[in-house]
Amino acid sequence: MKPNRLFVLAAAGLCLLSGAAAHAQEPLAASYAAVQGIKIDFTPSPRTPHYRFELREKGGETLLCAKEFDSLPGRTDVFLPFDAALPGAQYTLSVTALPQTERAGLDTAATKERDFSLPTVCGHTLAQGGFLYGDGSEGNPYLVASPAQLQHISHADHRGKGQYFRQTRDIDLLDPAFYQDVAPYDADADPSNGNWLPIAPAHNWNNTFIGHYGGGGHAVRNISYINSLTSNQDAGIFGIVSRNSSIHDLGVENFHFEGLGAGGIVGAASGWTTGMTTRFYRCYALNGYAKGANAGGCFGYLHSDTGNLQIEDCYCAGFTGEAVYSNGYNDAGGIASEISSNHTGQNWVRGCYAIPLSLSTNNTSARHGLGGVVGTVVHPSYVSYPSYADFVDVQGNYYLAGLAPYGVGYPASDSGAVPISSSSFGEQSTFSGWDFEGTWTMGSITYTDASGAERTIAAPVLRAFQGGRDYAAAQGAGERAALTLGFSK
């Protein structure tokens with residue numbers, strides 16, 4: 001007797017849902033990171049409850065995900081987890097109906113396939129860098145997985161809206177996976193100014209990035225933006241940041257930024273007004289160059305205004321900072337170029353270290369600050385005397401001795417920013433008061449020294465980057481971001 005061929009999915013038609021309806025939040029206990037995937041609206045055939053689901057990139061052989069179910073009772077949602085890392089990629093979903101044990105030899109398996117790509121959820125196209133997952137809320141942040149999506153944060157619909165974002169992979173702007181046709185990624189297709197346009201670049205406190213960016217324990221690599229001081233543009237992954245914003249668990253490597261305020265991660269920032277706090281924590285910068293009136297390894301010009309500015313648990317190594325005098329600003333620092341305040345708020349630089357290669361200025365006759373950790377703490381235009389302890393707390397920071405004249409360049413001081421030897425970097429006891437249970441662990445860092453050679457030294461490293469653990473998700477409930485698919489014969 002000829003076996004009967006099973007029918008797959010006797011349900012209604014195939015659809016790709018777009019917008020908010022395409023996503024479902026399904027809490028996962030003890031999750032450190034959001035789980036991405038697709039959710040299939042599935043109705044089995046009455047002939048068998050036994051099915052296998054397989055997901056591949058279109059035209060590829062490698063399985064991205066496979067699940068087999070012995071029993072699927074009626075219409076149900078089937079979730080297939082996979083990392084949809086590359087926007088615009090196409091996928092093939094295969095569903096195979098398998099014979100029941102008692103029907104072996106009587107029925108044969110049957111497979112149905114559907115090709116699909118993931119729709120965006122923020123009202124913008126893939127070409128614009130539209131996001132594939134999330135809604136921008138704290139519990140369901142937009143997920144960032146490509147240079148175009150990172151750049152898309154600068155769009156007016158996202159830049160100043162107080163939204164939440166989370167990076168899900170390392171982003172290398174020279175990675176062929178992100179090539180535009182056959183050329184490396186370039187945000188404005190103009191190689192003369194580098195390959196990046198900072199998120200909110202204009203030095204305008206009314207047009208800043210306002211939001212929360214979690215790097216997820218990932219880095220941005222091979223990134224550059226070059227502009228003149230007179231352009232009034234700040235340079236970094238982020239140009240200018242303010243108003244209750246935060247950036248955390250983010251690294252930057254191999255960077256070149258030139259602007260009014262320049263830093264590996266942020267060019268300029270403000271706490272803004274009373275009751276507001278802008279925070280930068282658990283970030284690092286490796287192997288970079290910044291040039292500007294304020295040039296910092298991680299952060300450029302920071303002014304709290306009447307709000308608060310806080311830097312905690314960051315490090316920088318292999319950094320060259322070049323200050324260019326402009327209107328009284330003339331500072332370079334291993335972690336930050338300047339952090340100023342004109343009030344006794346909660347402003348601080350705590351628990352950071354720096355191994356800069358060179359800090360310089362083009363105008364030594366003018367007031368300037370070149371500091372191993374911070375160039376200037378409290379600019380003289382805000383405070384008329386050199387004491388800054390009541391305005392900005394600099395505490396528990398370190399820098400490699402011999403690479404800068406002081407830990408804080410202006411007013412010149414090593415108080416709270418202490419020079420230590422290379423060997424001391426490898427001793428946990430050096431870093432008294434640091435959190436080595438939850439934030440730091442002893443390890444090693446590799447950076448390019450002044451001779452161009454790679455150098456590896458024992459030093460504290462951030463736990464957030466050891467295996468990509470996402471501390472933002474660890475501190476709250478994890479979610480599964482899912483695209484819903486209907487699938488039919």
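R52, E54, R56 and E68 are linked in a network of salt bridges, a salt bridge being a side-chain nitrogen of Lys or Arg within 4 Å of a carboxyl oxygen of Asp or Glu. The structure is a predicted model, in which local features need pLDDT of at least 70 and side-chain atom pairs count only at pLDDT 80 or more, while totals for chains, interfaces and linings use all residues. Residues are numbered from 1 along each chain as its sequence is written, and side-chain values use heavy atoms, with hydrogens and water left out.

By the rule just given, the count of salt bridges comes to 14. Side chains of opposite charge can pair when their charged atoms come close. One such pair is R103 and D107, whose side chains meet at 3.0 Å, N to O; R103 is partly exposed, with a relative accessible area of 28%, whereas D107 counts as buried at 5% (buried means under 20% relative accessible area, exposed over 50%, and partly exposed in between, with a 1.4 Å probe and protein chains only). A salt bridge also joins R221 and E253, again with an N to O distance of 3.0 Å. Because R221 lies in strand 13 (residues 211-226) and E253 in strand 15, this pair ties together parts that are 32 residues apart in sequence; strands (E, at least two residues) and helices (H or I, at least four) are DSSP runs, numbered from the N terminus.

Overall, the protein has 3 helices and 34 strands, and buried residues make up 56% of its 489 residues. Among contacts (heavy atoms within 4.5 Å) between residues at least 6 apart in sequence, 74% join residues at least 24 apart.

The largest nonpolar core, defined as a set of buried Ala, Val, Leu, Ile, Met, Phe, Trp, Tyr and Cys residues joined through side-chain atoms within 4.5 Å, holds 74 residues, of which F238, I247, F280, F299, I311 and I335 touch the most other members. Strand 15 (residues 246-258) gives the largest share of this core, 5 residues. Apart from this core lies another, of 23 residues, among them Y284, I445, Y447 and A464.

F255 is placed in strand 15 and is buried, with a relative accessible area of 4%. When residues up to four places away in sequence are not counted, F255 touches several others, including I223, A285, L286 and F319. The C-alpha atoms of F255 and A290 are separated by 8.1 Å, although these residues are 35 apart along the chain.
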